[in-house]
Amino acid sequence: MPFALPFDMTSLDLLMAIAAAATVLLYLFGTARLGGYLATLLHGAALAVTVAMGLDLAAGAGAIPSSLRLTVLGQQLAWTLDGLGWFFLLLTTGAAFFSSWYMAGEWGRVQQRARIQHGTLALNVLTMVLLLSAGDLLGLFIGWEFVSWAAFAMMIQAGGPATQAAYRYMLYALAGAMALFAAILVVHGAAGGFGFDQMRAALPDMSTGMLWTLFALFAGGFGVKMALVPTHLWQAPAYSYTPGASSAFLNAVSARMGLFALILSLVKLIGFDTLAGLRIPMTGIESTDILAWVAAITMVVPTYIALMQTDARMLLTWHGIGQGGYMLLGILVATPLGVAGGLLHVFNYATYQMALILAVFAVIHRTGTADLDELGGLITRMPLTYVALLMGIIGLAGLPPMNGFVSKWMIYKALIVTQQPLLSIAAFVGTLGTILSVYKLIHNIFLGQLRVEHREIREAPWSMTLPMLVLAGIGFVTGFAPGLALSIVDQAQAAMGVALLPHHLGGVVLATGSLNMLWVVGVLVGAIGVGALIFYVLGNRRFETHQYDNYAGGHFLSADIRYHFSHEFYPGLARVIGPWYRGWVVRMEHGLGVLAEVSGDLWHGVFRAAYTPLYVLIVAVLGLFWAGGAGGFGS
Amino acid sequence: MRPQNYRPVAHPPSHEYELYFGPNHPGIEGNYAIRVRLKGDVIQEAIADGGYLHRGFEKIMESRLWIQNVALVPRICVPDPVPMEDSYARSVEALGGLEVPERAQWIRVLMLEVSRICAHLFTFGGNAATIGLYTNMFWGVSMRDLFLDIFEEITGARIYHMYITPGGVRRDLPPGILDKLSAVIDELERRAPEFDDLFFDSTVVMNRAAGCGTMTQEQALSWGVTGPNLRACGLPFDLRRDDPYLVYPELDFDIPTETAGDALARMRVRKAEVQQSIRILRQVIARLPSVKGPIRCPLPNPLAWNVPAGEAYARAESSKGELGFFVVSNGGDKPWRVHVRGPSQMHAVQVLENLLTGARIEDIAQIMFSLDACPPEVDR
Amino acid sequence: MTLLADLILMPLVAFVVGLLLVLMARRVRAKIERRVGPPFLQPVYDIVKLYAKKTQVSHGVMHDLAIMMLLGGFITAEIFLPVPGLDGLAEHGDLITLVYIMMVPMLGLALGVGSCANPNGSIGISRALTAMLAYDVPYVVVIVGACISYGTTNLIDIVQIQQQGGPATWGAATMPILAFAGLLATHGMLGKEPFEIYIAPAEIATGPMTEMSGKYMGALFVMQCFQLYTVGVLYTTMFLGGGENWLFFLPKVFAVIFISVAVTNVYGRYKTDDVIRWMWKWPTGIALVGLALVMVR
Amino acid sequence: MSDTTPVIPDQPEVCRTVDAEERGVWRRVMDRFADHCRARSLFVLHYCTGCGAIELPPTITSRFDMERVGVSPMVTPRQADILLITGYLSVKTLKRVILSYEQMQSPKYVLGFGSCTINGGMYWNSYATVKRLDQYIPADGFIAGCMPRPEAVQQVFLDLMKKIDAGQANAWQDYYLNYDRYLGNQMALFGEEWHTPVDVIAEAEHYGYVGDGTRGRFTEILDRHAAYALRDAPEDYPERGANERLLP
Amino acid sequence: MKQAQVPAVLESVLHEIPGIQITPKEGSRVRVDVAPGALPAILELLKGQLGFMHLSAISCIDWPQTDEFELVYTVWSHEQKMTVSAHVTIPRDPGEYVSVYDIHTPAGFFERDIHEMFGVRFDGSPNLRKFILTSWNGPPPMLKSFDTLAYVEETFQWVDYRPEWLRDIEAKGGGIDSEGEGAPS
């Protein structure tokens, strides 16, 4: 314990207290002049506590308990935070810190309802803390519901298309919650309780059919939040149209809660060995194979949907869905390398995706649009935002020297080493699509001809550029020295019960080909330095000209000629995959929408008819929790 | 010009942008420009922009003697100059009532057909180069050079011969030239399969040229398309047969047609035409030695030659289509009015604009070269 | 000390060999076109001439940075690509790393061309990336198949496995179908006809090169050297057993590039979407068959 | 008729910005080396300005093969070293030629191809063609004749190479040093609204090619006027037809 | 050839039109002189009845003596294998005429060209924007009243061309006769 706490509070208690206080305070004072900086301060404190917890865990503290307790149905609910939860908690508080920083200055002043933005952000952090530190299945369920509703509250604040998407999201989330609820009932029926240990103990006695049911219910229920492929349709619009830093927060961590719960339920509770035993008869296909293929499809399909987008935010959020596939796939490889790769990707993704979303919102802040067809040439006007976006897209595309490359490399490598060629090809193909679409993103916003109406705009204020530059910087540093991030990942990996991956500061050493990013990045930077030397020493000095001094077949350009290629950026590709996109994706979207509505009603009906008492009970528990939540502390 | 001097104007809210094909662009035949408005890579609107090669021929011909203009006319269409000389000469002959001696007519046919082969070889090369098949261009152009040598030996010049004058030709054929010509023709026939392999049998060419710039026969007729481009739509219209001039009625040749009306069909028609020209040349080579006589009818003093008043329209089938010279004389020593009707005036402007609309960036050069549009003919 | 020598020598060797490869490509093309072709030092003259231009027009800082990324990326790639006697840093980054390092200069070029604000260049980059997507799908299948077949992604190990077993263990012998698919993908990677969609002078007036002048253009010429070398050496390493020494190694590299430059001159250029269709149909199909064979074995 | 003797006219010798004698040995060696390479690598702009372009394919292709001596075609003015004016220049083309010339990077060379570039040639009394090329951009050499043979084209290239190798092909500096004179000639033909997007004066300042004739009466006019967006261009704006708006 | 008869088919179709004069010319060409008002009807008739689908050219001739423009519409019939040139005369002032674009699409180009070169306006022509002479501010250059040589002398300068060998010849009393008259015959 790095510092003493009053009243016997554990650090988890402190964190919960900070989060709860932040929720209340920011809702009250979010619009005040310094409200934004208060938010930054509070989230900074939460981040500091989280880091302190990490030091504790690294010192071998095991799990950090909370004083918060509840007794329901004779079951005592407890909240404790282990390494896995802490890993995700670090991302949560980190994301909240950078988001609130971004909102603290000019952004907060120009927003209509900064109070709500700050309040919902803090509320989200609070509910996530509850979810991540859940000590049993019921706690998990409660946390899950809270997180869903908090995210919903965040999404509807802007109104307009985001609200539409948020309702759709709730529909999916309800369906997921129903599945989860059913899973809990199955476990309760078999184990007689909600505790994790009770469930683990009951596993060997469960029939294959029951295990399959559990697997399907957990994967389906949590997969909704991760937007795994057939349930992916809600996420992009819901996250895109949420304003500013809230969108960045949602993108970076919200969907990762689904991953956390999946890891918890499938890896920690059921375990890889049990899962590996689950095979479809006569085929030898394991249950994880099914999920891995779902992950692979999630990698590829949303990536190519992202390629078709014309809104910068939609493009990025679709990529967010695709990147989720990489994480899940890495974890499902089930080797230390793969799991470490998957978890590292969670961390890396949070850094670069936040930088990207924040940069895009900085552009929106200045120009008022995120339409990729209406921007262009902003590099001269907003160079810092450009740098942040550039570093972000290098990470997202998974190219050296950014951190995205390291985690993707580990995932590819794990797949190749375990001889899963088709999955690794899918991973590579997803990356190729990413490269195409991120270039479109940066080209259409920052390169090409500057539009005349953007001629006078200024760089985004420091309060906005600094957070994204710091995030991009973290991305670069953890790309240069991935060992830093891998040590964080170790905590989670240890808590998952997976063997640790031996690593050093620069990467990993493997018999089948190693990676040392210190060398890779060092040489790359050095070589670019040599390139600069060649550029500046050889040849006469450069003369910078303007954009109308340009080749136009001998014609004269003037300001009123639109001489900028941005709309339909990949026409050839669109012609090849466009029919498929229009035919398949759009139809699937429609069909799934209908299906979700029908099945949502159906589940409702089934549960109300069959388990009305239990359902009422759960609702009562939730109500109780609300009533006695605050009183629970310290008891 | 200082960059800050650019006056700001808001861009229109549109997803369309502009590209400039030419005049300084390798996808353009000669010095010509097409401005295209695009969305993605699909052309929404194409506007032909000519005049880069405008020399005011029709004006300066009015200020020169009838005979002086012989030097000017071949320069109207650079790749295929001989039909220009011939048509001008025939229009003046019609005005002045001159009868061209038979030998001169045969020599003119020889020149015309060699020029047609040259022009088609050049078009092959250009068309192949637009889709990156430079080998074909290199071979085609060097093959054409052999024919230019024949020209040089006959007339003293490779490109602008100024050989066909009103009333006949400037001088007789040099001895042995017919043997050399048939050797060159044999060489061309020997090489022809190579061009087939590279171009007409290539899957890539098929893939790109088939269906590219397609027009129906009705469209072609209403747009005023002539020459190989019209024949590629299935109409066997050839002025050598339909409105015969010189000694073409005595010659035996076919009029090749295709029905598809696309770039590939147009190139196939040209290839077949080269074969027909070879056939004609063989007949001419066989016949010429037996045609004796003068090569020019007696002319008055060309420096003081007042051509009788009147008007004449002489047309010829050039390698690109119908070429017409409308010449008006008021009885003076200079033409009163010369109007040149080049086939490309249709092909390079209205037809091109129509065909390009809805096409893609990659088709622009291909369509222009397959129409064999000749900008100097448009600009004059 | 050896490392320092490697760091300096590997890019230099790559550049010099690349110059020879460029010369070969131009001479082969000249021979097919029945002409003499450029003199021996022509690639050098071109590059020196471009660097010696007295005015150098730039379209902004990103335009300059692009050139640095271009050279830096390729220099790094050469250092991670082991050749006889020079292992460089291949221990610290494997085949996958190399493949992704090779994308850094492309990304740099793409950014630089974009900042030139010329739609011809942007269309060129759009096409180049589309072509990359087209040829990299089969290439990825080939790489995954080869790595699984060799059981390692370490290039040094891959060379050693083939060196120790002799020609019978060369990739071309153990997985001929994959090797063939790899050759097709390599051809696409070199951007030669019929896959030359992103240069396409007659369509987009040479695409990415549109606004490049002076030393910017010179850097592109240098890049061409590096690109020919890297692609050739990578293929040789993966399928032709690398080489014990340069005497055996270089002929293989030249042979790989020769096949490509000889074939290219008798083809026109496909349309953009046909390149994708072709690449996803033939080389990918062949590569998947090869991959299946590798997996069965 | 086709007199194909290449003519390299005597250019007024333009001195270099720094006298060769004042340079260090190293700079002189480097200059010598650069000139050597420049002379052996010439990229010709692919711009068929006139009918002389018909003789360029033969010059470049298999029969005469200019790549033997390092001459190859290049597409955009940025990459090209040589602007080959292939014959007569109509006024409309001359504008594009000047733009292309200004967009080329120095050292750049201009060759007039055919008699029309020297004195109007066959079109001496045509209202549409320009009579003297070297009034508007400095030329390094001319080929007389109509039309010159490929051999003549090759000969002028070889002569130019000799000149470059000796460091004497410096006509391009004249454009910077006497920009006002060239601009005046251009304005006399195109009107005072004439301008190109290229900021020649800034370039001259940047690279130290400012001479007494760089600025003057005409460059002052240039500084004053703005490039018109066509919407509010005056009725007599010279490029009104050519730049007429495409977008609705 | 000159004394050829007017083809019967043409006669039969055109005889109803008043004030028309049909003259056979060289080859298969027939000259038809019509009143300005009747031209579109005649072209329509020829196209509809005899298949004169193809408009070869529209030529304009400036006659300053009578202050008139003569417009010549040359049409060709793929069915009859025959050329008809229809001549109309319009006054120079105001120099306006109707477009035949709706009968023959190619007329669009020729009318644009004539508008540019002679200043004749065609009502109903789809596109009379400048095409060739976009850089030209002077009068329509093909008018006889426009003197191209005077314009050239005024606008351009010449190279002083006096090489050594010419000076030698001039010293002997020879040289180039710049007037162009009285050249040796």
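Two residues are in contact here if their C-beta atoms, placed from the backbone, lie within 7 Å. With that in hand, the chains of this predicted model can be sorted by who touches whom. Among the 8 pairs of chains that touch, chains A and C share the most contacts. Chain E, by contrast, keeps off both of these partners. Between chain A and chain E there is no contact, and their closest C-alpha atoms are 13 Å apart. Chain C and chain E don't touch either, with 24 Å between their closest C-alpha atoms.

Back to the pair with the most contacts, A and C. Chain A puts 61 residues into this contact, and chain C puts in 71 residues. On the chain A side, the elements giving two or more residues are helices H17 (403-417), H18 (421-446), H21 (517-537) and H22 (571-610), plus strands E6 (515-516) and E7 (542-544). The top contributor is H21(A), with 11 residues. Sorted by class, this side of chain A has 36 nonpolar residues, 21 polar ones and just 4 charged ones. The two chains also pair up strand to strand: E7(A) and strand E1 (residues 56-58) of chain C run parallel, joined by 3 bridges. In that pairing, Phe543(A) has Val57(C) as its bridge partner.

How far can chain A be trusted? Its mean pLDDT is 81, and 91% of its residues reach 70 or more. Confidence in chain A peaks in helix H16 (residues 383-397), at a mean of 91, and bottoms out in helix H23 (residues 612-628), at 52. Over residues 626-635 of chain A the pLDDT falls below 50, and this stretch has 9 contacts in the model beyond near neighbours in sequence.

Next, the inside of the model. The largest nonpolar core has 612 residues, and those touching the most other members are Leu329(A), Ala355(A), Leu358(A) and Leu352(B). Take Leu329(A): neighbours within four places in sequence aside, its contacts include Ala292(A), Met299(A), Gly342(A), Ile411(A) and Leu423(A). Glu374(A) sits in the loop between helix H15 (336-367) and H16 of chain A. Is this residue buried or exposed? Glu374(A) counts as buried because 21 other C-beta atoms lie within 10 Å, and the cut-off is 20 or more. Glu374(A) also has Asp311(A) at 9.9 Å in space, C-alpha to C-alpha, although 63 residues separate the two in sequence.

Chain B offers a neat sheet to look at. Strands of a sheet pair through backbone hydrogen bonds, either parallel or antiparallel. This one is an open sheet of 3 strands in chain B, in the order E6-E7-E8, and its pairing is antiparallel. Strands E6 (310-317) and E8 (337-341) of chain B are the edges, since each pairs on one side only. From one strand to the next, the twist averages 10 degrees. Strand E7 (residues 322-329) of chain B is linked to E8(B) by 5 bridges, and Phe326(B) faces His339(B) across that pairing. Helix H3 (residues 82-96) of chain B lies across E6 and E7 of chain B, at about 150 degrees to E6(B).

Chain D can be summed up with a few totals. Its secondary structure amounts to 9 helices and 8 strands. Of its 248 residues, 60% are buried. For contacts in chain D with a separation of 6 or more, 82% come from residues 24 or more positions apart.

Last comes chain E, where strand E5 (residues 82-91) pairs with strand E2 (residues 29-33) in parallel, through 5 bridges. The pairing of E5(E) with strand E4 (residues 68-77) of chain E is antiparallel, through 10 bridges. Thr83(E) turns up in both pairings: Arg29(E) stands opposite Thr83(E), and Thr83(E) is also the bridge partner of Trp76(E). The hairpin of E4(E) and E5(E) has 4 residues between its strands, and Lys81(E) there takes a positive phi near 50 degrees.

Chain E does touch chain B: 31 residues of chain E are in contact with 33 residues of chain B. On the chain E side, elements giving two or more residues are strands E3 (54-63), E4 and E5, together with helices H3 (107-118) and H4 (148-155). E3(E) gives the most, with 6 residues. By class, this side of chain E has 14 nonpolar, 14 polar and 3 charged residues.

Methods: Residues numbered from 1 in each chain as written. Chains lettered and ligands numbered in written order. Predicted model: local features only at pLDDT ≥ 70, side-chain atom pairs only at ≥ 80, totals over all residues. Nonpolar A, V, L, I, M, F, W, Y, C, P; charged D, E, K, R; others polar. Pairing = 2+ DSSP bridges. pLDDT = per-residue confidence, 0-100. Axes fitted to C-alpha atoms, helices over the stretch in contact; angles between N-to-C directions. Buried ≥ 20, exposed ≤ 12 C-beta atoms within 10 Å, placed from the backbone. Core = buried A, V, L, I, M, F, W, Y, C linked by C-beta atoms within 7 Å.
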